[in-house]
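Work through the exercises below with the model open. Try each task before reading its solution.

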Amino acid sequence: MNTLQNGSATEVAITGREGMAGIFLLMGAAHTQNNAYVQKAGSALRIRLRVVQESFDHNTDVQKIFFRFTQSVLTQLGQSTACHRHHSLDQQLCRKLLHTLDRQDGEVILMTHELLAQALGVRREGISHAAYRLMKDNIISYARGRIQVIDRQALENRSCECYGVISKGFPFFINKMDVPPLAPAD
């Protein structure tokens, strides 16, 4: 999330089990302008920057993984910016729901309208109207922060091209990348 001086915030990138937070620190930044927030329960690893930096500095396979991830994040940032400017809230909501689904197991998303509104940088009422249209067309069901995707294909059809562009650039499982596997630790 990127937070402005007036306190308003917008999601600028999303990552899950396929990525990491803090990539700018690995690239040498002293700090980052963005904050990372956990939106869904799950497991994560927290590794000290110096340990990651050491692996990065001495292992070209690790470098390839991080460079590929950085390229994916930059694609997401650019495409999301264009999406916010040129696509309807309905399309953006569909894209957000699909990207969330891609980073989890199952078809249920635990997320409130308020959190979705903050992520997309819009008013909660706008999310409520867009979600209602999806419910009316039997694409999702929604009750108290629980979004059940009923028809994923219809959700993809309602999304803009940004979902596909970002998805192509974002490897969801590291072993699908064209990077050799890492050697086991000694």
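The exercises move from the whole chain to one helix and then to a group of rings; the model is a predicted one.

**Exercise 1. Describe the overall fold and dimensions of the protein chain.**

Solution.
- Start with the elements. The protein chain has eight helices and five strands.
- Put them in order. Along the sequence the pattern reads β-β-α-α-α-α-β-α-α-β-β-α-α.
- Check the radius of gyration. A compact globule of 186 residues would come near 16 Å, and the protein chain has 18 Å, which agrees.
- Add the box. Along the principal axes, the C-alpha atoms fill roughly 55 × 40 × 30 Å.

**Exercise 2. Characterise the surface and the contacts of the protein chain.**

Solution.
- Take burial. Of the 186 residues, 35% are buried.
- Take the exposed area. It is about 11,600 Å², with 53% supplied by carbon and sulfur atoms.
- Take the contacts with a separation of 6 or more. Residues 24 or more positions apart account for 69% of them.

**Exercise 3. Find the buried residues of helix 5 and decide how they are arranged.**

Solution.
- Locate the helix. Helix 5 spans residues 113-120.
- List its buried residues. They are His-113, Leu-116, Ala-117, Ala-119 and Leu-120.
- Look down the axis. These buried residues fall within an arc of 160 degrees, so they line one face of helix 5.
- Ask what covers them. The cover includes helix 3 (60-86), helix 4 (89-102) and helix 6 (124-136). It also includes strand 2 (9-10), strand 4 (140-143) and strand 5 (146-149).
- Step past the end. Just after helix 5, Gly-121 takes a positive phi of about 70 degrees.

**Exercise 4. Find the aromatic pairs, classify their geometry and assess their burial.**

Solution.
- Count first. There are two aromatic pairs.
- Classify Phe-56 and Phe-66. Their ring centres lie 6.1 Å apart and their planes stand at 70 degrees; planes over 60 degrees apart count as edge-to-face, so this pair is edge-to-face.
- Place that pair. Phe-56 is in helix 2 (residues 49-58) and Phe-66 in helix 3, ten residues apart.
- Classify Phe-56 and Phe-67. With centres 5.5 Å apart and planes at 85 degrees, this pair is edge-to-face.
- Place the second pair. Phe-56 lies in helix 2 and Phe-67 in helix 3, so the pair ties together parts eleven residues apart in sequence.
- Compare burial. Phe-56 is buried at a relative accessible area of 13%, and Phe-66 is buried. Phe-67 counts as exposed at 52%.
- Conclude. Phe-56, Phe-66 and Phe-67 form one aromatic cluster.

Note on methods: Residues numbered from 1 in each chain as written. Predicted model: local features only at pLDDT ≥ 70, side-chain atom pairs only at ≥ 80, totals over all residues. Heavy atoms only, no water. Buried < 20%, exposed > 50% of the residue type's maximum accessible area, 1.4 Å probe, protein only. Helix = DSSP H or I, 4+ residues; strand = E, 2+ residues; numbered from the N terminus. Arc of directions from axis to C-beta. Contact = heavy atoms within 4.5 Å. Phe/Tyr/Trp six-rings, centres within 6.5 Å; stacked < 30°, edge-to-face > 60°. Rg over C-alpha atoms; globule rule 2.2 N^0.38 Å. Areas by Shrake-Rupley, 256 points an atom, 1.4 Å probe, with all protein chains shown as cover.
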